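Q: I have just opened this one and have not looked at it before. Could you walk me through it slowly?

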Amino acid sequence: MLKLESVDVSYGHVDALRGVSIEVRDGELVALLGANGAGKTTALMTISGVVRPRAGSVLYDGVDLAKASPFDIVALGLIQCPEGRRIFGGLSVLENLKMGAVRRADTSGVRRDRDWVFSLFPVLGQRRNQSGATLSGGEQQMLAIGRALMAEPRLLMLDEPSLGLAPILVQAIFRVIRELHGRGVTILLVEQNVRQALAVADRGYVLSTGRVILEGTGAELRSNSEIEQAYLSTAPEAKR
Amino acid sequence: MSALELLLQQLINAVSIGSLYALMAIGLAMVFGILRLINFAHGDLIMVGSYVALLLMTLGLPFFAAAAAGVAASTLAGLAMERIAYRPLRGAHEISMLLTSFSVTIFLENLAIILFRPTSRAFPAPAFLRSVIHMGQLRLASLDLIAIAIAAVLLLALTLFVRRTNIGIAMRAASQDLLAARLMGINVNRVIATAFAIGSLMAGVVGLLWSARVGKIDPLMGFNPVLKAFVASVIGGLGSLPGAVIGAYVLGGLEILLQGLLPSALTPYRDAFVFAILIALLLFRPNGILGSSEKEKI
């Protein structure tokens, strides 16, 4: 479905990605792991067309996205739920969801998806007329995921969805990720919570200073000794 | 004239001039909210609309047709400005955008000087804009009442637009987080063009009311209104639409108040006093009346 082929990205003189090749197949949940600054967010921003690769290509169903704008890429169904939630704080919950569905014309489909988001996250339904800024951190993350779902993702990119959340909310977010995956939504998951991410992922990639240093199935990576040493032997918080 | 009548009279004057500032300030605030661009060339849209209206009137067109064409010319000029000067700078540094807006101003003003000569021309407002209604001791200028009514209608329409329509909500979304707006598939170029169109339309309307008020127009006529609008939106909180409107009425009120209170020897320096008070206000509320103290967004 999505393929990054030896992608190089640099910001000025700083190389953020070097020869990164990643593949996400239809229906898969792929985890993208690595320390802060490893290039995970840059990879997602490159897929979204916000950052342009200096070399290499991003292929979606075999089509090169080099010329596609972020707007076109959303229209193709590649939807990113960005790090730090970035909900529209001055807009109500309903308005935020409406913005997720902004380019859709199928009113009944939009309403159906909205009800679906409210069934995934009942608290959003209760707070539908509240402004986004008044929600708690966990509720904002739910709203950010819900907003992305309103865009009818064929590929949903989640950037650090559990960052900064209390453990019980982390569980809730991962429950929803598992449920979405079970429904056949293709997911590219960037996470610092390596243990959780590998537990739900079909496959994973580990980035370090802009390169893919490891890849494999979730189970393979879980039992990999380097991963074990780098992330799993101590609490993930302690590594950050 | 009783004290109450005097108060009422001055209140109408203040709301009338505040309305013009408000319509101008909205154009600045909408664009700044999304792009972080202080578009000083916004004032020149007033000039463009007024000259087009004047030329069509001298060609014999009735006032309303000429006025509508003037407003349309301002709107188109605003859209062209966005497309030609600002869109290529998307993502550029704020300073580059600010300098570009100065260049656009210099270009438009000098173009007008070449086309229309630098001297001012009389702007023949029709009789209904120059009439005065007497109510007891009150002198109600029709122009003031019309300005207040037009501003009320346009502000209400704008409020409904940003609350109820998809593109209006998208405009608010884009002004809160432009990157998130792009990632959600909001057509940012369309949103920005719409913001320019609305702001320029309002500038066109202000141009006609301003020209009718002053009675003459000249190529540099946009400077004073855009300066006042800028001050108004800073007082209100840069980028906030309600803030821009509140700031505009505060500015109008202060001007009229000082005009009445200052001894006549000092009235030529009225603006200096007005700005001194506003600087004092900003010392206490650096982000303006409605500006949040949140850190600047990325």
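**A first walk through the model**

A: Let us begin in chain A, where strand β9 (residues 203-208) and β10(A) run antiparallel and are joined by six bridges. Please keep in mind throughout that this is a predicted model.

Q: Okay, and which residue stands opposite A:Leu207 there?
A: The residue opposite A:Leu207 is A:Val212, which belongs to β10(A).

Q: What sheet are those strands part of, and in what order do the strands come?
A: They belong to an open sheet of six strands in chain A, with the order β6-β7-β8-β3-β9-β10 and mixed pairing. Its edge strands are β6 (78-81) and β10 (211-217) of chain A, each of which pairs on one side only. On average, and ignoring direction, neighbouring strands of this sheet are turned by 15° against each other.

Q: Which helix lies across β3, β7 and β8 of chain A?
A: That is helix α7 (residues 167-182) of chain A, which lies across β3 (29-34), β7 (155-159) and β8 (186-190) of chain A and runs at about 150° to β8(A).

Q: Chain A also has a sheet of four strands, right, so what is its order?
A: The order of that open sheet is β2-β1-β4-β5 in chain A, and the pairing is antiparallel. Here β2 (14-24) and β5 (63-64) of chain A are the edge strands, each pairing on one side only. Within the sheet, five bridges join strand β1 (residues 2-11) of chain A to strand β4 (residues 55-60) of chain A, and A:Leu2 stands opposite A:Tyr60 in β4(A). Helix α1 (residues 40-47) of chain A lies across β1, β2 and β4 of chain A, at about 70° to β2(A).

Q: Switching to chain B, how many of its residues are in contact with chain A?
A: There are 15 residues of chain B in contact with 21 residues of chain A. On the chain B side, α6 (166-176) and α7 (178-183) of chain B each supply at least two residues, and α6(B) gives the most, with six residues. By class, that side of chain B has eight nonpolar, four polar and three charged residues.

Q: What ipTM does the predictor give the complex?
A: The predictor gives an ipTM of 0.91, and the pTM is also given as 0.91. Chain B averages a pLDDT of 93, with 98% of the residues scoring at least 70, although over residues 294-298 of chain B the pLDDT is below 50, and this stretch has one contact in the model beyond near neighbours in sequence.

Q: At what angle do α9 and α10 of chain B cross?
A: The axes of helix α9 (residues 223-236) and helix α10 (residues 241-261) of chain B cross at roughly 115° and come within 7 Å, and the crossing is right-handed. Among the residues that meet there are B:Val231 and B:Ile235 in α9(B), and B:Ala244 and B:Leu251 in α10(B). The residues of this contact divide into nine nonpolar, four polar and one charged.

Q: One last residue: is B:Ala147 buried or exposed?
A: B:Ala147, which sits in helix α5 (residues 142-164) of chain B, counts as buried because it has 26 C-beta neighbours inside 10 Å, where 20 or more are required. Leaving aside its neighbours within four places in sequence, B:Ala147 is in contact with B:Ser16, B:Ser19, B:Leu20 and B:Leu209.

Note on methods:
Residues numbered from 1 in each chain as written. Chains lettered and ligands numbered in written order. Predicted model: local features only at pLDDT ≥ 70, side-chain atom pairs only at ≥ 80, totals over all residues. Contact = placed C-beta atoms within 7 Å. Nonpolar A, V, L, I, M, F, W, Y, C, P; charged D, E, K, R; others polar. Pairing = 2+ DSSP bridges. Axes fitted to C-alpha atoms, helices over the stretch in contact; angles between N-to-C directions. pLDDT = per-residue confidence, 0-100. Left-handed = near helix turned anticlockwise from the far one by under 90°. Buried ≥ 20, exposed ≤ 12 C-beta atoms within 10 Å, placed from the backbone.
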